[in-house]
Amino acid sequence: MPETNVQEKKLIDCKECDGNCCRYIALQIDTPETPEDFDHLRWYLAHQQVVIFIEKNDWYLQVNTPCRYLQANHSCGHYEKRPQICRDYGWDEAGDTECHGTDRPCDHDEYFATLEELEAYLTRKGHVWASLKLYPNVIKS
Ligand code: SF4
Ligand code: SF4
């Protein structure tokens, strides 16, 4: 958590937040295209504390697990040596706030916490995610 994430343009008051940005990691993943790709995402979502989201057409894998340095008072216990991404988080390149920690909803276009949510989305989009090749005993030709 940037303890005081201050910039001239706007102010994020981290002290009003419970350290939301220190409670997960999120990695961009390849945009899935094939039934095999979709099946991999289903495997991710079979695990606890894993979610997938789409933001501005990019897909992300998020693992909800708190940083080992996050303190009980929501401050950073590794502040002087915290990674660069911790220092940068909260601001985009234009210097505008991108933090979702306090009073703004997330910018996710889609958010999947379960296999069923992902499957419903893929079905809605007309994707073949459960192919005969993958599930010959489940799907009848
Ligand atoms: S190192 Fe500090 S700022 Fe970075 S995620 Fe951990 S607690 Fe948060
Ligand atoms: S989520 Fe935002 S407000 Fe909360 S600690 Fe992180 S940067 Fe500060």
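Strands β2 and β3 are antiparallel and are joined by six bridges, where strands are DSSP runs (E, at least two residues), helices are DSSP runs (H or I, at least four residues), and both are numbered from the N terminus. Two strands are taken to pair if DSSP finds at least two bridges between them. The model is predicted, so local features need pLDDT of at least 70 and side-chain atom pairs count only at pLDDT 80 or more, whereas totals for chains, interfaces and linings use all residues. Residues are numbered from 1 along each chain as its sequence is written, and chains are lettered from A and ligands numbered from 1 in the order in which they are written.

The protein contains three helices and four strands, arranged from the N terminus on as β-α-β-β-α-β-α. Within the β2–β3 pair, Ile52 has Leu61 of β3 as its bridge partner. The two strands form a hairpin with two residues between them, and Lys56 in the turn has a positive phi of about 50 degrees. Strand β3 (residues 58–63) is also joined to β1 by five bridges, and these two strands run antiparallel. In that pairing Leu27 stands opposite Leu61 in β3. Strand β2 is in turn connected to strand β4 (residues 110–112) through three bridges, again antiparallel, with Phe53 opposite Tyr111 in β4. In a regular strand the side chains alternate between the two faces of the sheet.

Burial was assigned from C-beta atoms placed from the backbone: a residue is buried if 20 or more other C-beta atoms lie within 10 Å of its own, exposed if 12 or fewer, and partly exposed in between. Buried residues make up 13% of the 141 residues in the protein. Strand β1 (residues 25–29) is hardly covered, as the count of buried residues among its five residues is zero.

The largest nonpolar core (a set of buried Ala, Val, Leu, Ile, Met, Phe, Trp, Tyr and Cys residues joined through C-beta atoms within 7 Å) has eight residues, namely Phe38, Leu41, Leu45, Val51, Ile52, Phe112, Leu118 and Trp129. Two or more of these residues are given by each of α1 (35–45) and β2 (50–55); the largest share, three residues, comes from α1. Not counting residues up to four places away in sequence, Leu118 touches Leu41, Arg42, Leu45, Ile52 and Phe112, contact being defined as C-beta atoms, placed from the backbone, that lie within 7 Å. Of the contacts in the protein with a separation of 6 or more, 65% are between residues 24 or more positions apart.

Two further residues with positive phi lie in loops. Gln49 is not a glycine, yet has a positive phi of about 70 degrees; the residue is placed in the loop between α1 and β2. Because Gln49 has 10 C-beta neighbours inside 10 Å, it counts as exposed. His74, also not a glycine, has a positive phi of about 75 degrees and is located in the loop between β3 and α2 (84–88). With 17 other C-beta atoms within 10 Å, His74 is partly exposed.

Ligand 1 is surrounded by 10 residues, the closest being Cys22, Cys67, Cys76, Arg82 and Cys86; a residue is near a molecule if its C-beta atom, placed from the backbone, lies within 6 Å of it. This shell divides into eight nonpolar residues, one polar and one charged, where Ala, Val, Leu, Ile, Met, Phe, Trp, Tyr, Cys and Pro count as nonpolar, Asp, Glu, Lys and Arg as charged, and the others, Gly among them, as polar.

Note on methods. Two residues are in contact if their C-beta atoms, placed from the backbone, lie within 7 Å.
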